[in-house]
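Reader: Hello! I am new to this structure and would love a close look at a single part of it. Could you pick one spot, walk me through it slowly, and then show me how the rest is laid out around it?

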Amino acid sequence: MTTRKRRPSGEASREHILSIALGLFREKGFDGTTMRDIASAAGLSLGAAYYWFPSKEALVLAYYARQQDAHAEAARGALETMPDLRSRLGAVMHAKIDMLKDDRKLLRAILRSTLGADEPTSVFSEETSDVRRKAIATFHDAIGKDESIPEDARPLFAQALWTLHLGLLLYFVNDTSEDQGKTRALVDGSLDLVCKLAPLLASPMLGPMRAEIAALLQNAGLFAAKK
């Protein structure tokens with residue numbers, strides 16, 4: 001009697017399809033991979049693959065969520081041992097690079113879909129809003145209760161750090177230096193400058209300007225003050 005191999009079910013099926021898809025994206029590129037390719041490699045019917053993920057973009061969104069959750073967990077562990085703002089911000093930034101260092105080819109493959117204004121995988125889309133919120137919250141946690149940053153300035157500072165990290169990641173995915181050493185040096189240099197400027201930008205005298213900047217970003221849908 002032949003025993004049929006059981007297929008994964010539930011969350012295991014979802015993770016199986018996601019892992020297969022990410023492997024194909026790395027190998028063939030995002031545009032060069034179809035949902036049929038993914039279903040075939042996963043040993044599933046096309047309908048079963050679509051049941052869990054209605055599109056390739058949905059797979060990218062799941063990847064974002066997975067990576068953000070892992071980054072938040074890694075950052076929490078690092079922040080517990082860091083005594084000052086500079087070391088905490090460095091821990092958060094470098095933890096992200098450490099997590100993504102083997103995914104640079106994958107990130108390049110999906111990069112075009114992250115920049116289009118109408119794409120669901122855009123870093124500014126409604127579909128990525130929860131990931132974006134969690135990422136900014138991680139930087140807010142890194143700021144903590146640092147006395148050099150007034151409480152009213154912390155949400156805006158966290159937003160600025162998240163924006164900086166986006167720019168650094170764009171450089172990172174194209175960095176061919178050994179162990180992405182140029183990116184790491186850029187991270188450290190940028191954070192050194194940020195921490196030197198932070199007390200000046202956080203001055204009570206600049207409170208009205210911070211409020212004006214926050215209002216400008218809120219009107220553009222790019223900023224939501226932490227409640």
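Author: Happily! One term first: two residues are in contact when they have heavy atoms within 4.5 Å of each other. Please also keep in mind that this is a predicted model.

Let us start at Met99, which sits in helix H5, the helix spanning residues 85-100. Setting aside neighbours within four places in sequence, Met99 is in contact with Gln67, Ala70 and His71. Is Met99 buried, exposed or something in between? Its relative accessible area is 22%, so Met99 counts as partly exposed, because buried means under 20% and exposed means over 50%. Now pick out Lys28 as well: 71 residues separate Met99 from Lys28 along the sequence, and their C-alpha atoms are 22 Å apart in space.

The residues that Met99 touches, Gln67, Ala70 and His71, have numbers that also fall in a stretch with a record attached. An unreviewed UniProt entry gives residues 11-71 the annotation "domain: HTH tetR-type". In the model, that span is 80% helix and 0% strand, and the C-alpha atoms at its two ends lie 21 Å apart. For residues 34-53, the unreviewed entry lists a "DNA-binding region". Here the end C-alpha atoms are 12 Å apart, with 75% of the span in helix and 0% in strand. Both labels come from the record, and such annotations may be inferred rather than shown by experiment.

Let us step back to the whole chain. How many helices and how many strands does the protein chain have? There are ten helices and zero strands, and reading along the sequence gives the pattern α-α-α-α-α-α-α-α-α-α. The C-alpha atoms fill a box of roughly 80 × 40 × 30 Å along the principal axes. Of the 227 residues, 42% count as buried. If we take contacts between residues at least 6 apart in sequence, 66% of them join residues at least 24 apart. The accessible surface comes to about 13,000 Å², and carbon and sulfur atoms account for 57% of that area. As for charge, the chain carries 30 positive and 29 negative side chains, and the centres of these two sets lie 6 Å apart.

How far can you trust what you see? The average pLDDT of the chain is 87, and 91% of the residues score at least 70. Helix H2, at residues 35-42, has the highest confidence with a mean of 97, while helix H6, at residues 104-115, has the lowest with a mean of 80. Residues 1-5 have a pLDDT below 50, and this stretch makes zero contacts beyond near neighbours in sequence. Where pLDDT is low, the predicted coordinates should not be read in detail.

With that in mind, we can visit a few other places to compare with our starting point. Leu156 belongs to helix H8, residues 154-172. At 15% relative accessibility, Leu156 counts as buried. Its contacts, not counting residues up to four places away in sequence, are Arg210, Ile213, Ala214, Leu217 and Phe223. Leu156 is 43 Å from Asp37, C-alpha to C-alpha, with their positions 119 residues apart in sequence.

Moving on, you will find Asp179 in the loop between H8 and H9, and Gln180 in the loop between H8 and H9 too. Most residues other than glycine have a negative phi. Asp179, although not a glycine, has a positive phi of about 55 degrees, and Gln180, also not a glycine, has a positive phi of about 50 degrees. Asp179 is partly exposed at 45% relative accessibility, whereas Gln180 is buried at 8%.

Two last stops bring us to exposed residues. Pro204 lies in the loop between helix H9 (181-201) and helix H10 (207-219) and is exposed, with a relative accessible area of 72%. From Pro204 to Asp103 is 42 Å between C-alpha atoms, and the two are 101 residues apart in sequence. Leu216 is in helix H10; its relative accessible area is 60%, so Leu216 counts as exposed. Leu216 and Ala12 are 204 residues apart in sequence, and their C-alpha atoms are 44 Å apart in space.

Definitions and conventions
Residues are numbered from 1 along each chain as its sequence is written. Side-chain values use heavy atoms; hydrogens and water are left out. pLDDT is the predictor's confidence in each residue, from 0 to 100. Helices (H or I, at least four residues) and strands (E, at least two) are DSSP runs, numbered from the N terminus. Buried means under 20% relative accessible area, exposed over 50%, partly exposed in between (1.4 Å probe, protein chains only). Accessible areas come from the Shrake-Rupley method with a 1.4 Å probe; for residues, only the protein chains shown count as cover. Lys and Arg count as positive and Asp and Glu as negative; His and the chain ends are not counted. The place of a charge is taken as NZ of Lys, CZ of Arg, CG of Asp or CD of Glu.
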